[in-house]
Amino acid sequence: MAYRMHESVKNRLTLVSYRLPVRFSVAAGRLEVKQSTGGLATALSSYFDEEGSHSHELRWMGVCDISEEKYRSAQRDPSAGDRLNSLHPVFIESRVGDLFYNGFCNSVLWPLFHYFPSFVVYDDTYFAAYRKANQVVADEILATYREGDIIWIHDYHFMLLPGMLRRRIPEVCIGFFLHIPFPSYELFRVLPRNWQREIMSGLLGADVVGFHTADYTMHFRESLSRTLHLKVTPEGVPYQGRTVRMRPFPIGIDFRRFSEVANTSAVRKEVQKIRERFRASKLVLSVDRLDYTKAIVNRLESFELFLKLNPKYREKATYLLLLVPTRDSILKYRENKLIVETLIGRINGLYGTLNWTPIIYQYRSLDFPKLVALYGASHIALITPLRDGMNLVAKEFVASRPEADGVLILSDAAGCANELQQAIIVNPFDRHEIAEAIRLAMEQPLEDQRRRIQAMQEHLHHHDVRRWVEEFLMSLEPQLSP
Ligand code: GDG
């Protein structure tokens, strides 16, 4: 991979995230490498895949999808050498890995930080595995550490890691970024006290802790003062002889890539094809992992309410529901899938006609140009999570509109609602408000659409993923030795 780094940062950079930007598998003894989907991998790969200086070294550490034995014994394609060399897979023993990822990460932290405390599963073995997995990654970093390295840790999987590294290398430069919301203390306090304290002191091992929004930063500050009784100043938190800084860094997308791909003749043709196929009706689109935080049931019921209250739009609006498979080894996810699929069947049975299926449902992921074509072909993007750290899909839809038409309906509980204020902003719990927003979007005059989409495009163009990476890395500069 030809990675580029901010010019002023010369030191080697280690990114740490749960997933690597690629997924490995082995077929007929050969190592196969596929691009990962998912918000973080998409955003960071866009930036670091760019051509640029090779004088800086970058490596990306993440948990390997396959066992160490499989990985090491598989044959490699020699032409993939460079790309593979900058990736540093870490191997976690499968039982620990399961309790860590499906257990503590996705059955405790994920539901709690997204305000679903009743979905949290309490199990002491989960936290022990979380600690162990963080330690495995810490050991790997420590074993390969070079003086001056910058370590940029991503997301809720590794909140203990900054503290583990700091204890062993007091002068190490560490940034931490949380991609999901940091909840109000009223939620955080639900965790056993010793877990609260361990997580907080783990995060304080970093020099800079970043969040998507000012609200998440504020919640974190409050939880710090309530759990560790620290004095939080506007500059940061004095802790063990250092000052830990914290602030919002809203993530951007690769705006240029979306707007350019949306303008290619292949994608334009595909858009045309989809529009012709749905000539009689306007398309309402949503793209999500099939996760309960995305409130797909609520959204389907809102679409149904829209059809019920506005009979003139029957056969004139089609909802394209694209759901990406995710975490299906967790019971809550399997239950949610069943509920969603039953509901789709009921609504289609009730309202569908020989000429029209109200909801078209796909449960798979698409390749990038197909996704951009769907963004371009749809009239409305309906993005209504109950909680979402940022939500990149909303930004990608806006970036993929070459004619600056279309309408974005957006939940006020998505981090990006702070930035995309020209969207129709809704309360994701309120089905009536969402149904009414769909009606308004169907009727929004073209000049109004253009004014709103253009303003949002301008914002996204100036606050893209490059700027996000650079601002975060620059915030670490005071910590770097000259
Ligand atoms: C976490 C936070 C935060 C989706 N379907 C396909 C596909 N995607 C890509 C989209 C987008 C990404 O996946 C999803 O991004 P999100 O932001 O919605 O969500 P998470 O993965 O949950 O990420 C989130 C994010 O981190 C970044 O900080 O915004 O709040 O939860 O980029 O394009 N890509 C392709 N085919 C698909 O079918 N190629």
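**A tour of the ligand shell and a helix pair**

In this predicted model, begin by selecting α14, the helix that gives the largest share of the shell around the ligand, namely three residues. Then widen the selection to the whole shell, where 23 residues surround the ligand and the closest are H179, L366, D388, L392 and E396. If you colour these shell residues by class, they divide into ten nonpolar, nine polar and four charged.

Next, display the backbone atoms of G389, M390 and N391, and look for the oxygen atoms of the ligand that face them. A polar backbone atom of G389 is 3.1 Å from an oxygen atom of the ligand, and for M390 a polar backbone atom is 2.9 Å from an oxygen atom of the ligand. At N391, a backbone N or O atom lies 2.9 Å from an oxygen atom of the ligand. With the ligand surface switched on, note that the ligand taken alone exposes 740 Å², of which the protein buries 92%. To see which elements give two or more residues to this shell, select α1 (39–48), β11 (282–289), α14 (368–377) and α15 (392–399).

For the second stop, leave the ligand and select helix α12 (residues 296–309) together with helix α13 (residues 331–351), whose axes come within 10 Å and cross at roughly 10°. Because an angle under 35 degrees counts as roughly parallel, α12 and α13 are roughly parallel to each other.

Now show the side chains where the two helices meet: on α12, pick I296, V297, L300, E301, E304, L307 and K308, and on α13, pick N336, I339, V340, L343, I344, R346, I347, L350 and Y351. Coloured by class, the residues of this contact of α12 with α13 divide into eleven nonpolar, one polar and four charged.

Note on methods
Residues are numbered from 1 along each chain as its sequence is written. This is a predicted model: local features need pLDDT of at least 70, side-chain atom pairs count only at pLDDT 80 or more; totals for chains, interfaces and linings use all residues. Side-chain values use heavy atoms; hydrogens and water are left out. Axes are lines fitted to C-alpha atoms, for helices over the stretch in contact, and angles run from 0 to 180 degrees between N-to-C directions. Helices (H or I, at least four residues) and strands (E, at least two) are DSSP runs, numbered from the N terminus. Angles under 35 degrees count as roughly parallel, over 145 as roughly antiparallel, 65 to 115 as roughly perpendicular and the rest as oblique. Contact means heavy atoms within 4.5 Å. Ala, Val, Leu, Ile, Met, Phe, Trp, Tyr, Cys and Pro count as nonpolar, Asp, Glu, Lys and Arg as charged, and the others, Gly among them, as polar. A residue is near a molecule or strand if one of its heavy atoms lies within 4 Å of it. A polar contact is a pair of N or O atoms within 3.5 Å; within protein, one must be able to donate a hydrogen and the other to accept it, and residues adjacent in sequence count only if both atoms are side-chain atoms. Accessible areas come from the Shrake-Rupley method with a 1.4 Å probe; for residues, only the protein chains shown count as cover.
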